[in-house]
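Q: I'd like a close look at a single part of this model, and not a tour of everything. Pick one loop, start from one of its residues, and follow the side-chain geometry wherever it leads.

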Amino acid sequence: MATPSEKSPQLEQFLENLMGRTTAVLLDYCVICRKPAENFRDDLSRKEFTISGMCQACQDEVFQEE
């Protein structure tokens with residue numbers, strides 16, 4: 001189980017209301033595709049999950065270079 005990164009109370013509430021980020025990270029599932037977020041390429045990708053709540057596949061899609 002991952003630990004969500006700390007955010008201001010106002011931002012945390014906004015993100016929780018918008019997509020359930022904290023709950024998703026605590027339960028290890030992606031806020032975008034709602035699939036389990038278990039396998040990450042590296043430590044930086046795992047850290048990004050605690051920030052954004054996105055699994056590796058969704059991170060790859062969102063952060064792809066054009």
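A: Let's start with R34, which is partly exposed at a relative accessible area of 46%. It belongs to the loop between α2 and α3, and its backbone is worth a glance: phi is positive, about 65 degrees, although R34 is not a glycine. D28 is found in the loop between α2 and α3 too. There the phi is positive at about 60 degrees, again without the residue being a glycine.

Keep in mind that this is a predicted model. The confidence figures are these: the protein averages a pLDDT of 90, and 100% of the residues score at least 70. Among the elements, α4 has the highest mean pLDDT at 97, whereas helix α1 (residues 9-19) has the lowest at 81.

Now for the cysteines. C30 is buried, with a relative accessible area of 0%. The cysteine sulfur closest to that of C30 sits in C58, 3.6 Å away, so the two are too far apart for a bond. C33 isn't in a disulfide either: its nearest cysteine sulfur is that of C30, at 3.8 Å. With a cut-off of 2.5 Å between sulfur atoms, the disulfide count comes to zero. C33 also has a different burial class from C30: at 29% relative accessible area, C33 is partly exposed, while C30 is buried at 0%.

What does C30 touch, leaving aside its neighbours within four places in sequence? The contacts are K35, A37, G53, M54, C55 and C58. Several of those names come back in the largest nonpolar core, which has nine residues in all: A2, V25, C30, A37, F40, F49, M54, C55 and C58. So C30 has a place in that core, and so do C55 and C58.

Two other members of the core, F40 and F49, bring us to the rings. The structure holds one aromatic pair. Its rings are those of F40 and F49, with centres 5.3 Å apart and planes at 40 degrees, so the pair is classed as tilted. F49 is buried at a relative accessible area of 0%, and F40 counts as buried as well, at 17%. The cut-off for buried is under 20%, so F40 qualifies at its 17%.

Back to the loop for R41, whose side chain meets that of D60 in a salt bridge at 2.8 Å, N to O. This pair links distant parts of the chain, 19 residues apart: R41 lies in the loop between α2 (21-26) and α3 (43-52), and D60 lies in helix α4 (residues 56-62). The two partners have different burial classes: R41 is exposed, with a relative accessible area of 57%, whereas D60 counts as partly exposed at 33%.

For contrast, a quick detour. The structure holds two salt bridges, and E12 forms one of them with R21, with the closest N and O atoms 2.7 Å apart. Here both E12 and R21 are buried.

Technical notes:
Residues numbered from 1 in each chain as written. Predicted model: local features only at pLDDT ≥ 70, side-chain atom pairs only at ≥ 80, totals over all residues. Heavy atoms only, no water. Phe/Tyr/Trp six-rings, centres within 6.5 Å; stacked < 30°, edge-to-face > 60°. Buried < 20%, exposed > 50% of the residue type's maximum accessible area, 1.4 Å probe, protein only. Core = buried A, V, L, I, M, F, W, Y, C linked by side-chain atoms within 4.5 Å. Contact = heavy atoms within 4.5 Å. Salt bridge = Lys/Arg side-chain N within 4 Å of Asp/Glu carboxyl O. Helix = DSSP H or I, 4+ residues; strand = E, 2+ residues; numbered from the N terminus. pLDDT = per-residue confidence, 0-100.
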